[in-house]
Amino acid sequence: MINFDSNCLNNEPNFFKKHSCDDNKEASFLNRAARKLKQFLKMNISDDFKLHLSTVSQGTLTLLNCTSKGKGRKPPSLGEAQPTKNLEENKSLKEQKKQNDLCFLKILLQKIKTCWNKILRGIKEH
């Protein structure tokens with residue numbers, strides 16, 4: 001996997017504050033996490049890594065038997081027009097967002113792995 005530990009912030013993204021792999025919430029967490037992974041397929045990452053993300057996401061959804069549930073998307077919010085920023089500031093913000101996305105992706109993959117391991121350990125114990 002890509003190594004970007006040193007640049008990641010220590011604070012935990014809101015997604016993990018709202019969704020965790022606590023007892024009796026494993027399937028719900030994995031379902032949301034797998035769907036979140038799909039969003040990263042649009043990033044500028046290698047084709048091999050995109051294949052890995054797709055496999056993890058689709059495999060998880062298939063194992064959870066959630067692939068037949070389809071929800072409609074919310075229409076995009078029109079909101080207020082945002083003031084335009086200068087080019088240099090936009091570039092800096094894009095780089096920061098990309099770094100934050102990579103950090104989130106790394107944490108997400110780790111938590112998916114940990115959650116699956118928790119489930120598998122529970123199966124072996126029974």
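**A four-helix chain, from its surface to its core**

The chain exposes about 10000 Å², and carbon and sulfur atoms supply 50% of that area. The model in view is a predicted one, and every value in this account is to be read with that in mind. Of the 126 residues that make up the chain, 28% count as buried.

The secondary structure is simply described, for the chain has four helices and zero strands, and a reader who follows the sequence from its start meets the pattern α-α-α-α. The contacts reach well along the sequence: if one takes those between residues at least 6 apart, 73% of them join residues that are at least 24 apart.

The interior can be approached through the largest nonpolar core, which has 23 residues, and within which F29, L37, L53, L108 and I112 touch the most other members. Each of the helices α1, α2, α3 and α4 supplies at least two residues of this core, although α4 gives the most, with nine residues. L37 serves as an example of how these residues meet: when residues up to four places away in sequence are not counted, L37 touches L53, V56, S57, L105, L108, L109 and I112.

From the core one may turn to the covalent link. The count of disulfides comes to one, and this disulfide joins C21 to C115, with an S to S distance of 1.9 Å. The bond ties together distant parts of the chain, since C21 lies in the loop between α1 (14-18) and α2 whereas C115 lies in helix α4, 94 residues apart. The link of C21 and C115 is right-handed, with 75° about the S-S bond, and both C21 and C115 are buried.

A charged pair also connects distant parts of the chain. Side chains of opposite charge can pair when their charged atoms come close. A search of the whole structure finds one salt bridge, and it is formed by K118 with E26, whose closest N and O atoms are 3.2 Å apart. Here K118 belongs to helix α4 (residues 87-125) and E26 to helix α2 (residues 26-39), so that the two partners are 92 residues apart. Their surroundings are not alike in exposure: E26 counts as buried because its relative accessibility of 16% is under the 20% limit, whereas K118, at 24%, lies above that limit but not over 50% and therefore counts as partly exposed.

Helix α3 offers two further residues to look at in turn. T60 has its place in this helix, which spans residues 47-64, and, with a relative accessible area of 4%, T60 is buried. The side chain of T60 reaches the backbone oxygen of V56 at 2.7 Å. Once neighbours within four places in sequence and T60 itself are set aside, one finds T60 in contact with L30, A34, T55 and W116. Q58 is likewise placed in helix α3, but Q58 is partly exposed, with a relative accessible area of 35%. Q58 and K38 are 20 residues apart in sequence, while their C-alpha atoms are 8.6 Å apart in space.

Key: Residues are numbered from 1 along each chain as its sequence is written. This is a predicted model: local features need pLDDT of at least 70, side-chain atom pairs count only at pLDDT 80 or more; totals for chains, interfaces and linings use all residues. Side-chain values use heavy atoms; hydrogens and water are left out. Buried means under 20% relative accessible area, exposed over 50%, partly exposed in between (1.4 Å probe, protein chains only). A polar contact is a pair of N or O atoms within 3.5 Å; within protein, one must be able to donate a hydrogen and the other to accept it, and residues adjacent in sequence count only if both atoms are side-chain atoms. Contact means heavy atoms within 4.5 Å. A salt bridge is a side-chain nitrogen of Lys or Arg within 4 Å of a carboxyl oxygen of Asp or Glu. Accessible areas come from the Shrake-Rupley method with a 1.4 Å probe; for residues, only the protein chains shown count as cover. A disulfide is a pair of cysteine sulfur atoms within 2.5 Å. A nonpolar core is a set of buried Ala, Val, Leu, Ile, Met, Phe, Trp, Tyr and Cys residues joined through side-chain atoms within 4.5 Å.
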